[in-house]
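Good morning, colleagues. Please take a moment to look at the sequence and the structure on the screen before I begin.

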Amino acid sequence: MTDREIDNFRGALKATTLALRIPIQIVWPTTYDNDAVVKRKLAELSTRKVQDEATRAWNFFCALYYKAGGTPWRMVRDQREYSATFMGVSFFEGLDGTSLQTSSAQLFDERGEGLILKGGPGLKDKADRQPYLSSLDAFNLTRTALQSYKKEHGNYPARLVIHKTSRFHPEEREGFQKAIEQSEIEIADFIWMPRRSPVRLFRNGVYPPLRGTAMRLDDAQTILYTRGSVDFFRTYPGLYVPNPLLLHAQRRDTPDWNLLLKETLALTKMNWNGTQFDGALPITLKAARQVGDILKYVPDGTTPDPRYRFYM
């Protein structure tokens, strides 16, 4: 099977089993068998090297523990800070493969528990072709996400942080803000994180900047190295030159940029399917592709169980 066929099978299977409300874990031979062959790009055959036994065991059993209902770890919150939840909004193409895109929202609290919701059709800005939601769809998606949060927790969060990889369109912002106001949430941050930062930093020596290094560009923009050198290992545990995240705040009620950076860095460690300590993206955006690969197989008009653990 090719990579694409594997992704299609995985997405279709998980979408089909959502109604059973039983989490499943797919393990491919290429995860554990050094001799397994997978068809790569350009129709080349290659053998994918598997991880060492300790890493495989750690990743596999953490995922099983989570899907069985456990919480491997959680973010640490200063008791003086407001309770917060984090929502990532993403877009993906439907099964017809056209440019029309559908939206989804991933809502994560400080414990790492998540809710995933399928939204309405996405639009594309005529000027820069970036996807966005209509005001009504942005309102409905956010309102439904917050109501699901309240149903799980008994109350709304005091603060909502929304992450996107495309800029916040004015029409879209209007819908987000209306839903936030109706939920009586007074503190909100809208953070746009483009896939690539136009700015990089250099560090004395042969290794890239330390993971966690940040630099303020102006009042609205900061770069953050979510991947980089690690003092504990005394090296950079990566294959390529790391590219920092660019955090562009299009609404920022949180006065302290350091809090937003600390939270973003912590969210890169909340992917329990891979348990990688230095993920490049926060889980709000990291899950976007995996979610889209599943939700595109969910029939329109179907409301899937929003709980995150049943999707991944």
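**Contacts, strands and rings**

Among contacts in the protein between residues at least 6 apart in sequence, 63% join residues at least 24 apart. I should say at once that this is a predicted model. The protein has 312 residues, and 46% of them count as buried. Its secondary structure consists of 8 helices and 11 strands.

Let me begin with strand β7. This strand covers residues 159–164, and 6 of its 6 residues are buried, so the rest of the structure largely encloses β7. How are the two faces of β7 covered? On one side R159, V161 and H163 are buried, and on the other side L160, I162 and K164 are buried as well.

Next, the partners of β7. Strands β3 and β7 run parallel and are joined by 6 bridges; within this pairing, T85 has L160 of β7 as its bridge partner. Strand β8, residues 187–192, also pairs with β7 in the parallel sense, over 6 bridges. Here L160 has A188 of β8 as its bridge partner. Between β7 and β8 the chain passes through helix α5, residues 170–182, and this β-α-β crossover is right-handed.

I turn now to T254, which is placed in the loop between β11 (245–252) and α6 (257–267). Is T254 buried or exposed? Its relative accessible area is 5%; a residue counts as buried under 20%, and T254 is therefore buried. Which residues does T254 contact, leaving aside its neighbours within four places in sequence? They are R159, I187, D189, L259 and L260. Of these, R159 is one of the buried residues of β7, while L259 and L260 are among the buried residues of α6.

Helix α6 deserves a further remark. Its buried residues are W257, L259, L260, L261, E263, T264 and L267. In an α-helix there are 3.6 residues a turn, so residues three or four places apart point the same way. At the N-terminal end of α6, D256 acts as a cap, with a side-chain oxygen 2.9 Å from the backbone nitrogen of N258.

My last topic is the aromatic rings. The structure holds 7 aromatic pairs. One of them is formed by W58 and W73, which are stacked, with 6.4 Å centre to centre and 5° between the planes. Why does this pair tie together parts that are 15 residues apart in sequence? The reason is placement: W58 belongs to helix α3 (residues 53–67), whereas W73 is in the loop between α3 and β3 (84–93). Both residues are partly exposed: W58 has a relative accessible area of 48%, and W73 one of 27%.

The rings of F232 and F233 give an edge-to-face pair, because their planes stand at 80° with the centres 5.3 Å apart. F232 counts as exposed, at 73% relative accessibility, whereas F233 is partly exposed, at 43%.

Elsewhere, F168, F176 and F190 are linked into a cluster by ring pairs. The charged end of K164 sits over the ring of F168, 5.4 Å from the ring centre. K164 is also one of the buried residues of β7, which brings us back to the strand discussed at the start. Finally, K178 lies over the face of F139, at 5.3 Å from the ring centre.

Thank you for your attention.

Note on methods:
Residues are numbered from 1 along each chain as its sequence is written. This is a predicted model: local features need pLDDT of at least 70, side-chain atom pairs count only at pLDDT 80 or more; totals for chains, interfaces and linings use all residues. Side-chain values use heavy atoms; hydrogens and water are left out. Rings of Phe, Tyr and Trp (its six-membered ring) pair if their centres lie within 6.5 Å; planes under 30 degrees apart count as stacked, over 60 as edge-to-face and the rest as tilted. Helices (H or I, at least four residues) and strands (E, at least two) are DSSP runs, numbered from the N terminus. Buried means under 20% relative accessible area, exposed over 50%, partly exposed in between (1.4 Å probe, protein chains only). A charge sits over a ring if NZ of Lys or CZ of Arg is within 6 Å of the ring centre and within 35 degrees of the ring normal. Contact means heavy atoms within 4.5 Å. Two strands pair if DSSP finds at least two bridges between them. A crossover is right-handed if, with the strands pointing away from the viewer, the path from the first strand over the helix to the second runs clockwise. A polar contact is a pair of N or O atoms within 3.5 Å; within protein, one must be able to donate a hydrogen and the other to accept it, and residues adjacent in sequence count only if both atoms are side-chain atoms.
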